[in-house]
Amino acid sequence: MGRKLDPTNKVKRGPGKKARKQQGAETELAKFLTDETGPKRLSSRGRKRAAKRIQKSAEVTEKQPKKGFTDENSKWLKPAKRKRKVDEPENEDDSNEHWEEEDEEEEEEQELLQKKKDQGKKSGKLAEKEVEEEDEEEEEDDDDEEMLLPIERAAKKDKKLKEALDLESDEDDDEEEDDEEEQKSDAEMDEDDTIQTNTDEGERFRLPGAEESEMEGVTPLDLKSIHQRIKDNIDVLCNFSTKREPGKDRTEYISLLKKDLCTYYSYNSFLMEKFMDLFPLSELVDFLEANEIHRPVTIRTNTLKTRRRDLAQALINRGVNLDPLGKWSKVGLVIYDSSVPIGATPEYLAGQYMLQGASSFLPVMALSPQEGELVLDMSSAPGGKTTYIAQLMRNTGVIVANDANADRLKSVVGNIHRLGVTNTVVSNYDGRQFPKVMGGFDRVLLDAPCSGTGVIAKDPAVKTSKDEADIRRSAHLQKELILAAIDSVNAESSTGGYLVYCTCSITVEENECVVDYALKKRNVKLVPTGLDFGTEGFTRFRERKFHPSLKLSRRFYPHSHNMDGFFVAKLKKFSNVIPTAAAGKGNRKNKNRKSTEREQYSATPSQSYDF
Amino acid sequence: MRPLTEEETKTMFEKLSKYIGENIKLLVDRPDGTYCFRLHNDRVYYMSEKILKLATNISRDKLISVGTCFGKFTKTKKFRLHITALDFLAPYAKFKVWVKPGAEQSFLYGNHVLKSGLGRITENTMQYQGVVVYSMADVPLGFGVAAKTTQECRRVDPMSIVVFHQADVGEFIRSEDTLT
C-alpha cells in the first residue's frame, strides 16, 4: 500500500462530493475495460502455486513404466506379444484379457491372473463359446499381424464380437419362428402370399381356429388387418383349388369373409348376405367401397327457361367447375366443385336448373312422354321427375303429380312453381287408390318406395336398419302399387299405354319379382327401355325363375356406372281387361289366355304386338 | 275449387293491374286456350281449362295445387301476390327496375333496394307504382313497389330506399312451406 501510492496522481477517496465526481472518459472506462490480451501477472504466492503444479505433473510422468527394452535397442526392437493356447486352463484368464483393449493395463491384469487361477473356471457357456471362436481367430490373427496399432487391434476385436453375436441371434430367431408359427395371425403370413415370390412354397392363408375366433371376439382387431384378411380370403376363394387349405370347406372361408366384411364396412349380416348373392366376389368389394363415397353432384337444365350452354356459361362465371354429364343426356351437368352453394345461386332461384341425381334422369328418359299427353306420376316427391316430364312435354298436356306424404308435397309444389311448370295438378292420394279417382292415363311413372339399398352412399343408416321384414313389406307395397298403376293406364291410348316402374334399390325381391308378379297378374308385357347402357335384369336368381323378357329391364350400380343403384323396367299394356284371379295362375296358362283374350276382346288398337 | 266471386275478382285484378296494367286480358285469352282463375283453400290458382276439367276429379281435401298459384286472400279479404306469379307478370310488366350485381344478393334475402344498388329504372315511374325487379342479365328476381318517382330517384342520396321489397325468388328456399 505504501510503496504503490503515487503522490503525483491524487485520487479522491471517501463519501464526499469530490469522490463522486467523474474524472473524464479515459479514466472511467479504464475501470470497466480491462486489457485481457496480456498474460496474467501473478502475485508471489500465485507464482509459488504454479511452480508446485508443474512439479507434480513431472512426477506423474516419471512414474509411468518404460515400455520396451531399456538398452540402446529400444528404438527398433519391440517386445513380442504373449501367445495363448486353447487347451490350457490358463487360456481363460488370458482370454479374458482379450476384452481389455488397452495394453497399458496388462500389468494390472497379471495381478488379476493370479487371483483367477485360484478361483478356477467361471465363465458362462456363451462366453466360452464365443471366446473359443475368438481365440482361434485371434491366434491366427496374432501370428500374422503383430505390427497392428492398438486401435486397429481394438477394431478387429469389435468385429469378431459382432460376428459372434450375430450368429447367436440367428439361431435364436429360428427357434422363435418355429414356436410362433401357430400363434401368428393369418395376416402376417398372407403378406408372403401376396408378395408373389413364393406363392406355392410360402406360407398360406390359414383360417383362424376356434380359440383365435374367441380371442377376436374379446380383443378389438384393428381394421387394417381385417382389410388384409378380406383381400386374401377373396384371393383364395377365386383360386380355390390351388390355394385352399386341405380339409377346410368353402363355406368356412365364405362365413369368415362375411363376418369380416360386416365388421369392416359396418353392415348387418342380412344385407351382406343379400349382396354376396347378388355380386361375384370380385365386384363385391368394389360395390361396398362405392357405397362409402358420395356420387358426384349433378344438375338438370330446365329447358323451359334456358339452354344447357347458357346455363353452363352463367355458372362458370359464378365460379363453378362443371362438365356435361355424358353422351346419353342432353340436359345433364355434373358439378366437380364450386365456390358458391349450388342450391342457392340466382340461377337456381330463377328456376334454370334442378339438383337431381343422374340415376333419376333414367326413368323419365325411358318413359319419353309426348306433347299433349295425360301423364301420372304416382310417387312424385320431391318433384324432380315430374318437372323433367313437364319440360319434355313443353308445358302441354296435363301431369298429375301424386304423393302419399303431405309434407313432402310442399317441395313438389315449390319445385313446380320455381321451374315454371304450368300444366300440373298436385294431389295427395295413396297410390293404391288411384284407379278409383281417375284413370285413362297415357303414361304412368311409378318410382316406388323401396328399402333404399342402392342409395347407401346417401343414407348410411340403411346398412344396419334393413332386415328381412322391411324388404318383404316394401315388396308387398310395390306389388300393390304396380297393379294400381297398370290399372290407371289406358291401353287404347293412341300415343302411349306405357308404364315405367323404377326403384332405387338393387334387391331382386323388390325389382324383378315385382315386375314378374305384374306380368302374371295383368295384361302387360315388357318392352325395351331405350337406355343403351346398364346391366340387364336377372331372368333367374337362385331358386327363382322369371319371365325371359325380364332381360329388357335395366339395373344400374354405383361401382360400375357411377350413379346411385337403380332399376328401371318399361311395361306396355295391351288390353284394358283385368284377368280374373283363377286364370292368373302359372305362366303357361297366362300365355294361352292372353292370346285368346286378344281374339275375343278385339278392342285393341291397330298396333301390332311383337311376342 | 270454385270460381272467384265478383268482389274477389275485382280485388285481384286491381292488384294485378298495378304491375301489368291492362295486359290482364292477355292472361285470360291466350292463343293456346282459355285460362281461368279458381279459388281453393283461399288461394288463387291460374290454369287452363283442360287442367280444370281433370282437376275436378280430385276431391277437395286431397287437392294440393293446380296449375300456378298467383296469391292468396287474407282473412280480411285482401289479396296478396305471391312470388309464384312472377313468370306471368314479368313478360307483361309495364315498369321495370334493374338491380346492380352487388345488390342482387341483398334483394334476394328480402331487403329493400337502395339507391346505391339501382342500375336502371323505366321512365315515368310514379311513386308507389308496382314494379318488377330484374338483374342486369334480364333475369326476373321479384317485384316490389317504387318508393320514389324516377325523377326523385336521380336526385336522392345513395342510402335511401328506392324500391320496397314485396316478393323475391329467394322465398322459394326461405319460405318453401308457405307456398302451399
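Two strands pair if DSSP finds at least two bridges between them, and helices (H or I, at least four residues) and strands (E, at least two) are DSSP runs, numbered from the N terminus. This is a predicted model, where local features need pLDDT of at least 70, side-chain atom pairs count only at pLDDT 80 or more, and totals for chains, interfaces and linings use all residues. Residues are numbered from 1 along each chain as its sequence is written, chains are lettered from A and ligands numbered from 1 in the order in which they are written, and side-chain values use heavy atoms, with hydrogens and water left out.

**View 1. The six-stranded sheet of chain B and its helix H5.**
Here 6 strands make an open sheet with mixed pairing, in the order S9-S13-S12-S11-S8-S10 (chain B). At the edges sit strand S9 (113-114) and strand S10 (118-121) of chain B, each paired on one side only. Strand S8 (residues 96-99) of chain B runs antiparallel to S10(B), with 3 bridges joining the two. Across that pair, Val97(B) faces Ile121(B) of S10(B). Helix H5 (residues 101-108) of chain B packs on the sheet, touching S8, S9, strand S11 (130-135), strand S12 (140-146) and strand S13 (161-168) of chain B. The direction of H5(B) makes about 80° with that of S12(B) (axes are lines fitted to C-alpha atoms, for helices over the stretch in contact, and angles run from 0 to 180 degrees between N-to-C directions).

**View 2. Strand S3 of chain B and its three pairing partners S1, S2 and S4.**
Strand S3 (residues 33-40) of chain B is largely enclosed by the rest of the structure, because 6 of its 8 residues are buried (buried means under 20% relative accessible area, exposed over 50%, partly exposed in between, with a 1.4 Å probe and protein chains only). Strand S1 (residues 2-3) of chain B pairs with S3(B) in the antiparallel sense over 2 bridges, and Pro3(B) has Arg38(B) as its bridge partner. Strand S2 (residues 29-30) of chain B also runs antiparallel to S3(B), again with 2 bridges, and Asp29(B) stands opposite Thr34(B). S2(B) and S3(B) make a hairpin with 2 residues between them. On to strand S4 (residues 43-48) of chain B: 6 bridges tie S4(B) to S3(B), antiparallel, with Ser48(B) as the bridge partner of Tyr35(B). The hairpin of S3(B) and S4(B) has 2 residues between the strands, and Asn41(B) takes a positive phi near 55° there.

**View 3. Chain B as a whole.**
For context, chain B holds 7 helices and 13 strands. Of its 180 residues, 49% count as buried. Among contacts in chain B between residues at least 6 apart in sequence, 60% join residues at least 24 apart (contact means heavy atoms within 4.5 Å). The accessible surface of chain B comes to about 9000 Å², with 52% of that belonging to carbon and sulfur atoms (Shrake-Rupley method, 1.4 Å probe; for residues, only the protein chains shown count as cover).

**View 4. An antiparallel sheet in chain A with helix H15 across it.**
The open sheet has 4 strands in the order S2-S3-S1-S4 (chain A), with antiparallel pairing. Its edge strands are strand S2 (320-326) and strand S4 (353-355) of chain A. From one strand to the next, the twist averages 35°. S2(A) and strand S3 (residues 329-338) of chain A are antiparallel over 6 bridges, and Asp323(A) stands opposite Val334(A) of S3(A). Helix H15 (residues 308-318) of chain A lies across strand S1 (297-301), S2, S3 and S4 of chain A, at about 155° to S2(A).

**View 5. Helix H19 of chain A and its two ends.**
At 1.5 Å a residue, the 13 residues of helix H19 (residues 406-418) of chain A should span 18 Å, which agrees with end C-alpha atoms 19 Å apart (the expected span is 1.5 Å times one less than the number of residues). Buried residues of H19(A) include Leu409(A), Val412(A), Ile416(A) and Arg418(A). At the start of H19(A), a side-chain oxygen of Asn405(A) comes within 3.1 Å of the backbone nitrogen of Asp407(A). After H19(A) comes Gly420(A), with a positive phi near 75°.

**View 6. Ser505(A) and its surroundings.**
Ser505(A) sits in the loop between strand S9 (498-503) and helix H23 (512-521) of chain A. Ser505(A) counts as buried because its relative accessibility is 0%. The side chains of Ser505(A) and Thr453(A) share a polar contact of 2.9 Å (a pair of N or O atoms within 3.5 Å; within protein, one must be able to donate a hydrogen and the other to accept it, and residues adjacent in sequence count only if both atoms are side-chain atoms). Leaving aside neighbours within four places in sequence, Ser505(A) is in contact with residues including Cys450(A), Gly454(A), Asn511(A) and Phe566(A).
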